[in-house]
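Q: Please give me a close look at one part of this model, the symmetry and the contact that goes with it, and then carry on into the parts around it. I would like one connected walk-through rather than a list.

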There are 2 protein chains.
Amino acid sequence: MISALTTDLYQLTMAAGYWRGGLLGSATFELFVRRLPDRRPYLIAAGLDEALTYLEELRFLDDDRAWLRQLPQFRQVPPAFFDDYLRTFRFSGDVWALSEGTPVFANEPIVRVTAPLPEAQLVETVLLAVIGFQTNVAAKASRVVEAAHGRPVVEFGARRAHGPGAALAAARAAFIGGCAGTSLVEAGRRYGIPTSGTMAHSWVQTFPSETDAFRDFSRLFADSAVYLLDTYDTLRATQRLIDSGLKPSMVRLDSGDLDALSRQVRALLDAAGLRETKIFATGDLDEDRIAELVTAGAPIDGFGVGTMLSTVADAPALSAVYKLVAIERGGEQLGVIKLSPGKSTWPGPKQVWRVMENGYAIRDVIAAAAEPPIANALPLLERVMTNGRRLAPSPSLVDVRARCRRLVGTLPASMPVDISPALEDARLNASRYTSKRDAT
Amino acid sequence: MISALTTDLYQLTMAAGYWRGGLLGSATFELFVRRLPDRRPYLIAAGLDEALTYLEELRFLDDDRAWLRQLPQFRQVPPAFFDDYLRTFRFSGDVWALSEGTPVFANEPIVRVTAPLPEAQLVETVLLAVIGFQTNVAAKASRVVEAAHGRPVVEFGARRAHGPGAALAAARAAFIGGCAGTSLVEAGRRYGIPTSGTMAHSWVQTFPSETDAFRDFSRLFADSAVYLLDTYDTLRATQRLIDSGLKPSMVRLDSGDLDALSRQVRALLDAAGLRETKIFATGDLDEDRIAELVTAGAPIDGFGVGTMLSTVADAPALSAVYKLVAIERGGEQLGVIKLSPGKSTWPGPKQVWRVMENGYAIRDVIAAAAEPPIANALPLLERVMTNGRRLAPSPSLVDVRARCRRLVGTLPASMPVDISPALEDARLNASRYTSKRDAT
């Protein structure tokens, strides 16, 4: 469970301010990404399940409140804020969101939250961290999986993740994005993701000879054993494995020129009649390296990818933001925008429409939520939570993954994203409103 | 608590193999970073406290074992592995480590683990994820703090971290590296780090006017209030704040040309007699941007840094590895190495000596642990755990942070790191040994 104090301090000072000022009317925030990272034609929505669990379970425990009230910043905040408001605090809002696994583009809301202002504000920090990270990993995984052209990609990045929690979230998001499995056992247990593993160099080093190391491993793991070949010399190890008389189902290459080595290893294996033995490659792989190997025709049957998935090393943070778009004022929902240079937004709650033609997506339209349906288009944001309760359990991860692959297959190379005329008008009106207000 | 299944599958298959083969003798692994990231002259060791807690608490619960034994990979593993070995599994090893906050360089062990082989192996994944990430963040924080030349830097990155766990670890590591505080309330509670916060644009947007927004905030947070100026227009907001008659202790700039704006805002404040009001700057800052602002003489009194600290966006993963360096064979500890291209290691347990001259560090020497002391040098690795129990509680984080700043002040611009002659000899001998073995 994520503690209620897992938030930025200003969310709590603002909550106290809203509470004190009686500003408990409803507000709408939208979570979206301002710009896609370089060389990422789409993102893949992910993390919603964890986000909804957080919203359902959010509570200020006695310890949380006791700690908060002694902070110097809260000295002037009346006791009732802690003893009444925070003690009974629940997230009571409504949430609309893209289903996990949905391809998404810049400025399109991934999650839209409507709740009493302090509730909607307080959850910003966790929603951004959870949705932002998992959406980023799922997108990277999808690109890596595309590059592998049908060869399975296994996520191996736990050791390079930003701690154990990040490792777990990355394994789940990578599976949504199309990975075939993970090395992280806890992710297998918790999410039902297929787990896979081979052997480490330390295994080989532990035995007096590589042959002993391979034979010993085969005693316990005959069918599932994957033999690591590069501890000393890949080709000699291959020959030793062949000479040992084992019938390996798979071998692993982890260093050196993977293209050349895979061909040499393949030739040795084939010459020994081990045509069924598969070759698995690991070692600082990403979508570019994999595409090169696949294009070159390297006889590699599967890839293990670590750092590039679990940290999204080429773009480790999305420009994800969570912006106030509407606020109740005088019983009316008023669209609001921010005018900071380079950071302006469109006012009001939105819907994203994906326009389809012959089964392919041809463009997206971001429209005001209240606009009528757009012809031949699917609305992507769905209501997933009402009054703080989930409307349905999350779909199975296997289904989420399959749907993601299918939807990615419908995308053009570059997706046009339009803003509906009504939404553009609303932005202009809001700007005029703000300018007029500025002058007063 | 970190589940025992938070590890790569191969750690568990190898553990079963070692157990089955009776390979329960002691082994030594060292955790080190192969190469420093670009433009990072040093790293700062961090994460040890969490790592030691993990080692002390590591248990295979009933559910862990039940789940593991049904995995297809474990079909042939005898039940006693689960019912006896894993049920009573404890980490019983010895650990030597650098104190948190110690500057460290490539190839220098940060942690050295000596334990029965399966225990030492199993913990690799979590040790790498925990130490690797926090060491990376602490190093980045130290560089950012150096750039700020005495102005406080506050870590604001929770929302961009790789999930809530990563946010917490990043806040702690950034404090070790020299940050003055964090925005993450849970990090304040758990680690005693000073928390700070301002207001969000949404606060300003919620009120009919900026003046109302500022006044309302001041009612509850008079002394600690930090006023955000860039929601609509920074200079107009400054004027409104002045006209409101409030006596702000601090204002925040979050967009635009921070150099120019800070001078203009400073001039407006000074002209209004608000010379005590400090200016705090945020918005995609890193050590380069901060150094530019400081060098230009921008009147900025403190910096908030987010993404660059919580994700170390320019180098989100270290090349941290955990390598077998010695193994008991026939009652004797035998140094081992790996010869994979570009990944070779030095054999045997090591010590790192920091050679000092007039209070300044002039070079490091990586030596075999058994070598005699080096003149005028401090041994950096200390014993922190014996038989799976910590020898002492971790020092206070405030002391760790102060020691880190002091040690960073003793470093040369570029640190020479030598390998002791005895260790180089040992590597050559191990290579010859391995080559001879290869030929058999």
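A: Happy to, and let's begin with the symmetry of this predicted model. A turn of 180° with a shift of 0.0 Å along the axis lays chain A on chain B, and the RMSD is 0.0 Å. The two copies are thus related as by a two-fold rotation axis. If you want a place to look for that axis, go to A:Gly165: in chain A its C-alpha is the nearest to the axis, at 2.7 Å.

Now for the contact itself. Chain A contributes 92 residues and chain B contributes 91. On the side of chain A that touches chain B, 42 residues are nonpolar, 34 are polar and 16 are charged. Of the interface residues of chain A, 99% are also interface residues in chain B, so the copies meet through the same surface.

With the pair in place, we can turn to a single copy. The C-alpha atoms of chain A fill a box of roughly 85 × 55 × 35 Å along the principal axes. The secondary structure of chain A comes to 16 helices and 19 strands. Of its 440 residues, 55% are buried. Taking contacts in chain A between residues at least 6 apart in sequence, 72% join residues at least 24 apart.

Chain A is divided into two domains: domain 1 is made of 9–136 + 320–439, and domain 2 covers 138–310. Their C-alpha centres lie 39 Å apart. Where they touch, 18 residues come from domain 1 of chain A and 14 from domain 2 of chain A. On the domain 1 side, strand S2 (43–44), helix H6 (124–147) and helix H15 (397–408) of chain A each supply at least two residues. The largest share, six residues, comes from H15(A). By class, this side of domain 1 of chain A has nine nonpolar, five polar and four charged residues.

Next, the interior. The largest nonpolar core has 290 residues. Those with the most contacts inside this core come from both chains, among them A:Leu127, A:Val144, B:Leu127 and B:Ile131. It is worth clicking on B:Ile131: beyond its neighbours within four places in sequence, this residue is in contact with B:Leu31, B:Gly47, B:Leu48, B:Ala51, B:Ile110, B:Val111 and B:Ala320.

B:Ala320 leads us on to strand S12 (residues 320–329) of chain B, which is mostly covered, with seven of its ten residues buried. S12(B) is joined by seven bridges to strand S1 (residues 26–33) of chain B, and the two run antiparallel. It also pairs with strand S13 (residues 332–335) of chain B, again in the antiparallel sense, over four bridges. You can read across these strands at B:Ala326: this residue of S12(B) is the bridge partner of B:Thr28, and it stands opposite B:Gly335 in S13(B). S12(B) and S13(B) form a hairpin with two residues between the strands, where B:Gly330 takes a positive phi near 60°.

Chain B also has an open sheet of six strands, in the order S7-S6-S11-S10-S9-S8, and the pairing there is parallel. Strand S7 (181–182) and strand S8 (226–228) of chain B stand at the edges with a single partner strand each, so one side of each has no neighbour in the sheet. Within the sheet, strand S6 (residues 153–155) and strand S11 (residues 302–305) of chain B are paired in the parallel sense over three bridges. There, B:Glu155 stands opposite B:Val305 in S11(B).

One last stop is B:Thr277, in the loop between helix H12 (258–271) and strand S10 (278–281) of chain B. This loop residue counts as buried because it has 23 C-beta neighbours inside 10 Å. Leaving aside neighbours within four places in sequence, the contacts of B:Thr277 are B:Pro248, B:Ser249, B:Met250, B:Val251 and B:Leu269. For a sense of span within the chain, take B:Thr277 and B:Asp83: they are 194 residues apart along the chain, and their C-alpha atoms are separated by 66 Å.

Conventions: Residues are numbered from 1 along each chain as its sequence is written. Chains are lettered from A and ligands numbered from 1 in the order in which they are written. This is a predicted model: local features need pLDDT of at least 70, side-chain atom pairs count only at pLDDT 80 or more; totals for chains, interfaces and linings use all residues. Copies are superposed by least squares on the C-alpha atoms of residues with pLDDT of at least 70 in both. Two residues are in contact if their C-beta atoms, placed from the backbone, lie within 7 Å. A nonpolar core is a set of buried Ala, Val, Leu, Ile, Met, Phe, Trp, Tyr and Cys residues joined through C-beta atoms within 7 Å. A residue is buried if 20 or more other C-beta atoms lie within 10 Å of its own, exposed if 12 or fewer, and partly exposed in between; C-beta atoms are placed from the backbone. Two strands pair if DSSP finds at least two bridges between them. Ala, Val, Leu, Ile, Met, Phe, Trp, Tyr, Cys and Pro count as nonpolar, Asp, Glu, Lys and Arg as charged, and the others, Gly among them, as polar. Domain bounds come from an automatic or database domain assignment.
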